[in-house]
Amino acid sequence: MSDFPYAERFPVNRTLPDHGRPREEILAELHAMATEEDAVWETGKCSGTMYCGDHDHYRFLTESFGLFAHVNALQRDMCPSATKFEGEIIAMALDLMHADAVEDGTPAGMVTSGGTGSILHAVLAYREHAAEHRGIDRPNFVKPETGHPAFDKACHLLGVELRTVPVDPATTVVDPAAVAALVDVDTIAIMGSAGNYGYGTIDPIAELGRVALDHGTGLHVDGCLGGFILPFGEELGYDLPPFDFRVPGVTSISADTHKYGYAFKGTSTLLFRDKAYRNAQYFQLAGWSGGKYMSPGIDGSRSGGLLAATWASMVSHGRDGYLHHAREIFETADRMKAAVRSHPELRILGNPTFCFSFTSDAFDIYHVNDALRERGWRLNGQQYPNAIHLAVTRPQTQPGVVEAWTADLADAVEHARRQHAAGVEAASSAIYGGVAGGMTDEVEEFIVAIMSDLLDAQQSVPPA
Ligand SMILES: *Cc1c(COP(=O)(O)O)cnc(C)c1O
């Protein structure tokens, strides 16, 4: 598919139009694009990304958003509602993560712009807290390889050395002893995932908590993906290791409202065992000629609409609403995994629940991905080893999707057997697959070109 399918159909703006266009015309154009793009995931064949998929809920969020969309959450004297929304989002998320069990701190939190935002603020908080309380000026942070790239990005931006612990692909979870081996006096924090993005598995958080306590360092639990669904999986009786504030040594948790919290993209929660961590990253410039400036996080102006819509999503679901959706998602994932296990050539990696990844020892799994793509599926590709993953979301719980998965997967396995026997290379491995020998210059150039294509449309689209 072209990155610019609209270039021929709608006006391309290379400059600001001289005259404003009528709203009806603009809305018609937007409706056309949105309707076509929604059709891609409404089938239920798309992994992750559309966690909710319920247009009724989206309309409700849009109305909630619209009432405060134009409000700047930085100017609280004008919008005490933002203080209510943000405070209650944090309180509800802390409750979900069992902050009530904390006896050695005063739990606190903040709302950020997404998972990456929460991780960035967590690393900043640890860096500042460690500088102040432990005198650390050459900070390092320890991450299992499976930890999200947002940790690499945060360390890169904040001047923190990142130490990465390899993870055995057979278990997909980190060995706490291997983490401990990389910790030293300059380690500001370690992390574990609940669950990780690639395999959906949960690191041994209780053991990591002991490592953190033994070394007097922080432990961040990345619950960006699992934070708003795993607590309900536990309530449903699924066998899930503990990962929240009940675990001694856990000092912060990120949990994305914009994933299984079913809010709009653009919000996440970052929760701390003790407010001293959060407060360490506050910024203020009291002596500025423009006035006394302060911001509780990295962002400046923020839309009050996102806070309102996130709050509305949480209180409209309540515990029973989230539990209901979690039950359907866990059951759907169980049935989808059963379909994978029915093929002896396929192997699920680790012991995942609602998000799972599988590979093959018999053929390149990307052959399976190729055939699934032709049947409208959009799974995520992984490498080392090549694997494909599916984060089960509400669109997959619609009637008929598991049946389509079962049938399409069987066809895809048959396709993979034939391609493998014929010695053909899989098409999708060119995009996702492992590159022999690691990152080459060509791979780096290719990735830069993809990112620029996203931004430089005015150069790439055909001339008008
Ligand atoms: C999605 C995700 C993130 C990053 O979140 P963004 O919202 O994309 O910034 C971090 N960790 C895990 C485990 C995730 O699934």
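The following paragraphs lead through a predicted model, from its nonpolar cores to a helix, a buried lysine, the surroundings of a ligand and several loops.

The interior is a suitable place to begin. The largest nonpolar core contains 86 residues. Within this core, the residues with the most contacts are Tyr260, Phe358, Val368 and Trp405. Helix α10, which spans residues 304-341, supplies the largest share of the core, namely 12 residues. Besides this core there is a second, separate one of 24 residues, and Leu124, Tyr126, Ile136 and Ala154 are included in it.

Valine 368 shows how one member of the largest core is surrounded. Leaving aside residues up to four places away in sequence, valine 368 touches Leu346, Phe358, Phe363 and Ile388 among others. Its further contacts, under that same exclusion, include Leu409, Ala412, Val413 and Ala416. One of these partners, Phe358, is itself among the residues with the most contacts inside the core.

Helix α2 offers a view of how a helix is placed against its surroundings. The helix covers residues 55-68, 14 residues in total. From its first C-alpha to its last it reaches 20 Å, close to the 20 Å expected at 1.5 Å a residue. At the N-terminal end, aspartate 54 acts as a cap, with a side-chain oxygen 2.8 Å from the backbone nitrogen of aspartate 56. The buried residues of α2 are His57, Tyr58, Leu61 and Ser64. Seen down the axis of the helix, these buried residues fall within an arc of 125 degrees, so they line one face of α2. Asp56, Arg59, Glu63 and Leu67, on the other side of the helix, are exposed. The cover over the buried residues of α2 includes α1, residues 23-42, and α10. Helix α10 is thus mentioned for a second time, having already appeared as the source of the largest share of the main core.

A charged residue in strand β2 deserves separate attention. Lysine 143 is located in this strand, which runs over residues 140-144. Is lysine 143 buried or exposed? Its relative accessibility is 4%, and because buried means under 20%, lysine 143 counts as buried. The side chain of lysine 143 is joined to that of aspartate 152 by a polar contact of 2.6 Å. When residues up to four places away in sequence are not counted, lysine 143 touches Asp152 together with His148, Pro149, Phe151, Leu162, Arg163, Thr164, Val165 and Met191.

The model also holds a ligand. There are 13 residues around the ligand, and those that come nearest are Gly115, Thr116, Asp222, His258 and Lys259. Two of the named residues can be described more closely. Threonine 116 places a polar side-chain atom 2.5 Å from an oxygen atom of the ligand. In the side chain of aspartate 222, an N or O atom is 2.6 Å from a nitrogen atom of the ligand. Aspartate 256 also takes part, with a polar side-chain atom 3.5 Å from an oxygen atom of the ligand.

The backbone of several loops has particular features. A cis peptide bond links alanine 194 to glycine 195, with omega about -15 degrees. Glycine 195 lies in the loop between β4 (187-193) and α7 (205-215). Another cis peptide bond joins tyrosine 384 and proline 385, where omega is about 0 degrees. Proline 385 belongs to the loop between β12 (380-382) and β13 (387-391). Tyrosine 384 has a place in this loop as well, and its phi is near 55 degrees, a positive value in a residue other than glycine. With a relative accessible area of 52%, tyrosine 384 is exposed. Threonine 49, in the loop between α1 and α2, likewise has a positive phi, near 55 degrees. Threonine 49 is partly exposed, at a relative accessible area of 37%.

The last stop is glycine 350, in the loop between β10 (346-348) and β11 (355-360). This glycine is partly exposed, with a relative accessible area of 24%. Which residues does glycine 350 touch, not counting residues up to four places away in sequence? They are Ala170, Thr171, Thr172 and Thr201. The C-alpha atoms of glycine 350 and aspartate 168 are separated by 9.6 Å, while the two residues are 182 residues apart along the chain.

Definitions and conventions: Residues numbered from 1 in each chain as written. Predicted model: local features only at pLDDT ≥ 70, side-chain atom pairs only at ≥ 80, totals over all residues. Heavy atoms only, no water. Core = buried A, V, L, I, M, F, W, Y, C linked by side-chain atoms within 4.5 Å. Buried < 20%, exposed > 50% of the residue type's maximum accessible area, 1.4 Å probe, protein only. Helix = DSSP H or I, 4+ residues; strand = E, 2+ residues; numbered from the N terminus. Contact = heavy atoms within 4.5 Å. Expected span 1.5 Å × (residues − 1). Arc of directions from axis to C-beta. Polar contact = N/O pair within 3.5 Å; in protein donor to acceptor, adjacent residues only side chain to side chain. Near = heavy atom within 4 Å.
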